[in-house]
Number of protein chains: 2
Amino acid sequence: MSQAIIGVDLGGSRIRVARLDQDLNILERQETATLADEGPDKVIGRISDLIRAVWPKDGTPVMGIGVSSPGPLNPFTGVVLAPPNLPGWHSIPLAQILQDTFGVTTYVGNDANVAVLAEVARGAAKGCKHAIYITLSTGIGGGVLIDGRLLLGKEGFGAEIGHTILVVDGRPSSLEKEAAGPAIARQTRVRIARGEQSIIKQMVGGELARIDSRIVSEAAHQGDELALSIVRRVGWVIGLGMVSLLHLFNPEIIVFGGSVSNMGEILFEPIRQTIRENVLDEGYLNGLRIEMAALGDNVSVIGAAALVTTMGGFNRLLE
Amino acid sequence: MSQAIIGVDLGGSRIRVARLDQDLNILERQETATLADEGPDKVIGRISDLIRAVWPKDGTPVMGIGVSSPGPLNPFTGVVLAPPNLPGWHSIPLAQILQDTFGVTTYVGNDANVAVLAEVARGAAKGCKHAIYITLSTGIGGGVLIDGRLLLGKEGFGAEIGHTILVVDGRPSSLEKEAAGPAIARQTRVRIARGEQSIIKQMVGGELARIDSRIVSEAAHQGDELALSIVRRVGWVIGLGMVSLLHLFNPEIIVFGGSVSNMGEILFEPIRQTIRENVLDEGYLNGLRIEMAALGDNVSVIGAAALVTTMGGFNRLLE
């Protein structure tokens with residue numbers, strides 16, 4: 001008998017909830033604003049309302065609820081610790097609350113971990129057992145699938161790709177501090193303030209504070225040399241981070257998501273070149289695919305539902 | 001009925017072969033010089049002779065043979081590619097050769113991967129499911145256990161901890177290039193050649209080429225400021241590498257082996273301090289143990305035998 005799965009995407013600005021079948025096809029989807037400033041009780045109330053809205057009306061049993069949430073969180077207990085973009089959330093036992101309300105097993109996973117499950121189940125990494133998902137955005141997050149299993153670590157804090165350490169100019173830095181959106185904006189501001197020429201100065205009407213990674217991307221696509229040099233350096237740093245991940249995980253595929261990855265080839269060309277120039281052995285590149293995420297806005301509800309079919313990502317995704 | 005396991009430690013200078021019981025207790029051990037310069041046929045002949053010497057005489061069945069070998073190698077096929085310290089070895093199907101000779105299932109694993117299996121089965125990480133083993137020696141190698149399973153990757157090239165990219169002061173460098181034995185010697189030579197004062201100059205009779213990491217360690221233990229500053233920098237670099245590994249793997253324990261780790265507290269104090277100062281969140285340090293390897297010369301034969309009980313490390317070590 002077929003069963004339904006409820007997938008919940010709890011984001012800082014939107015909540016999306018879907019009913020899916022066991023093959024992770026979305027059957028119905030609802031969404032609303034998170035209004036995170038109203039605090040956890042109101043937000044959980046909105047999640048519950050949407051779950052009721054998509055709950056099967058024909059008596060189809062529900063296998064479980066999966067929730068994609070911003071981290072940090074403990075995937076083993078389903079407790080959300082203190083996400084920066086969910087004000088007022090401190091050690092909220094979200095899995096337990098939803099499980100008590102709806103009477104079905106509930107799993108909570110961090111959004112980047114859940115994304116790798118989704119891309120492997122239905123997206124760019126379909127069918128892969130060794131996959132890395134990287135989101136390049138305000139931060140850099142990651143999810144790693146090893147032999148079909150999610151990399152979590154002892155307390156579920158693993159796979160923090162953005163926080164791998166790089167020593168830059170003698171001081172420790174991280175992939176995130178050097179290559180996420182705010183770093184791109186900061187590096188551009190500094191170089192324009194130093195007097196380097198760029199069309200970006202005109203694009204923001206001289207207000208350097210308005211520079212963000214999207215504007216840098218636009219300028220780079222128009223051939224602006226400063227913007228191109230910033231993007232190339234970011235690609236170089238990300239490429240070096242990927243080399244470390246290739247040496248550690250020897251994956252089949254690296255999938256890039258997040259707003260910064262929308263820069264496209266001007267970013268990916270230096271990433272690929274840096275990988276080729278720095279990898280230890282050709283064996284790591286043998287069949288390696290580097291691709292863009294394929295699931296767009298649905299990545300989190302699909303991945304959340306995949307948490308249910310893999311029992312929190314603890315079991316193998318593909319047997 | 002009890003079964004025996006044969007563990008083989010194929011090293012660049014010594015071959016050690018043991019018969020173990022299913023609990024990985026060593027029952028009998030034999031060893032000989034590798035004489036690697038004589039090429040693969042002679043070396044495999046010596047391995048086979050030692051296997052015959054420890055083979056059970058009382059009809060006890062042999063469950064399998066496990067071999068610890070220098071990498072690179074493919075643990076799925078048991079083919080040894082081209083280890084720098086085994087001249088003349090190019091894609092030698094070692095597992096197949098021994099399996100054909102002795103008629104029992106044979107697995108081959110790289111020495112650092114095998115070491116983490118051994119330390120978890122019988123050594124410093126006994127009972128851990130999330131463990132990292134690092135050997136600091138002429139190179140930096142690693143083995144990673146995730147939820148009781150060896151991290152291998154698509155073709156078994158994973159867990160190359162020494163080749164994570166760390167320093168990007170204009171040029172990429174790696175943990176191994178900055179902190180292994182030869183790097184320690186090189187950094188010391190450069191600073192003495194520049195005119196810095198050190199007792200090391202007298203210790204090597206002015207022949208800077210004689211400086212190695214053991215001499216730097218001795219000088220540091222005698223309070224030599226230059227040697228101490230080199231060791232502290234190495235500890236800082238290794239500590240930063242460990243921070244990345246904590247963020248990626250969230251392990252219970254990091255076990256250090258290899259000759260450079262014999263430096264002891266003068267090295268581990270800066271490693272621990274660097275970890276404390278750079279970790280993203282206290283959660284990663286919760287219950288974390290940092291320990292020295294416990295199995296000494298037996299680590300490889302025990303780990304090789306553990307390859308058999310885990311079917312090449314592909315299965316969970318502890319259920």
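Helices here are DSSP runs of type H or I with at least four residues, and strands are E runs of at least two, both numbered from the N terminus. With that settled, chain A has 10 helices and 14 strands. Its radius of gyration is 20 Å, close to the 20 Å that the globule rule gives for 319 residues, so chain A is as compact as a globular protein of that length. Please keep in mind that this is a predicted model.

A few more figures for chain A. Along the principal axes, its C-alpha atoms fill a box of roughly 65 × 45 × 35 Å. Of its 319 residues, 58% count as buried. Among contacts with a separation of 6 or more, 64% are between residues 24 or more positions apart. The exposed area is about 12,200 Å², and carbon and sulfur atoms supply 48% of that. As for charge, chain A carries 28 positive and 34 negative side chains, with the centres of the two sets 2 Å apart.

Now the pair of chains. In general, two copies of a chain are related by a rotation about an axis and a shift along it. Here, a turn of 180° and a shift of 0.0 Å along the axis lay chain A on chain B with an RMSD of 0.3 Å. The two copies are thus related as by a two-fold rotation axis. What surface do they meet through? Of the interface residues of chain A, 100% are also interface residues in chain B, so the copies meet through the same surface.

Next, one helix of chain A. Helix 10 covers residues 299-309, and 10 of its 11 residues are buried. The buried ones run from Val299(A), Ser300(A), Val301(A) and Ile302(A), through Gly303(A), Ala304(A), Ala305(A) and Ala306(A), to Leu307(A) and Val308(A). Which elements do these buried residues pack against? There are strands on the list, namely strand 1 (4-10), strand 2 (14-20), strand 3 (26-33), strand 4 (62-69) and strand 7 (106-110), and there is also helix 3 (111-122), again in chain A. After helix 10 comes Met311(A), with a positive phi near 55°.

Moving to chain B, I have picked out some single residues.

Asp111(B) sits in helix 3, residues 111-122 of that chain. Is Asp111(B) buried or exposed? With 36% relative accessibility, Asp111(B) counts as partly exposed, because that class lies between under 20% for buried and over 50% for exposed. Leaving out residues up to four places away in sequence, Asp111(B) touches Ser68(B), Ser69(B) and Pro70(B). Its C-alpha atom is separated by 8.4 Å from that of Ala304(B), 193 residues apart along the chain.

Ser213(B) belongs to helix 7, residues 213-221 of chain B. At 14% relative accessibility, Ser213(B) counts as buried. With the same sequence neighbours left out, Ser213(B) is in contact with Gly181(B), Ile184(B), Val260(B) and Met263(B).

Leu267(B) is part of helix 9, residues 265-278 of chain B. Leu267(B) is buried, its relative accessible area being 0%. Beyond residues up to four places away in sequence, Leu267(B) touches Leu136(B), Val231(B), Val234(B), Gly235(B), Ile238(B), Val260(B) and Ser261(B). Between the C-alpha atoms of Leu267(B) and Gly239(B), 28 residues apart along the chain, the separation is 9.8 Å. Val260(B) has now come up twice: it touches Ser213(B), and it touches Leu267(B).

That is the end of my tour.

Methods. Residues are numbered from 1 along each chain as its sequence is written. Chains are lettered from A and ligands numbered from 1 in the order in which they are written. This is a predicted model: local features need pLDDT of at least 70, side-chain atom pairs count only at pLDDT 80 or more; totals for chains, interfaces and linings use all residues. Side-chain values use heavy atoms; hydrogens and water are left out. Copies are superposed by least squares on the C-alpha atoms of residues with pLDDT of at least 70 in both. Contact means heavy atoms within 4.5 Å. The radius of gyration is taken over C-alpha atoms; the globule rule is 2.2 Å times the number of residues to the power 0.38. Buried means under 20% relative accessible area, exposed over 50%, partly exposed in between (1.4 Å probe, protein chains only). Accessible areas come from the Shrake-Rupley method with a 1.4 Å probe; for residues, only the protein chains shown count as cover. Lys and Arg count as positive and Asp and Glu as negative; His and the chain ends are not counted. The place of a charge is taken as NZ of Lys, CZ of Arg, CG of Asp or CD of Glu.
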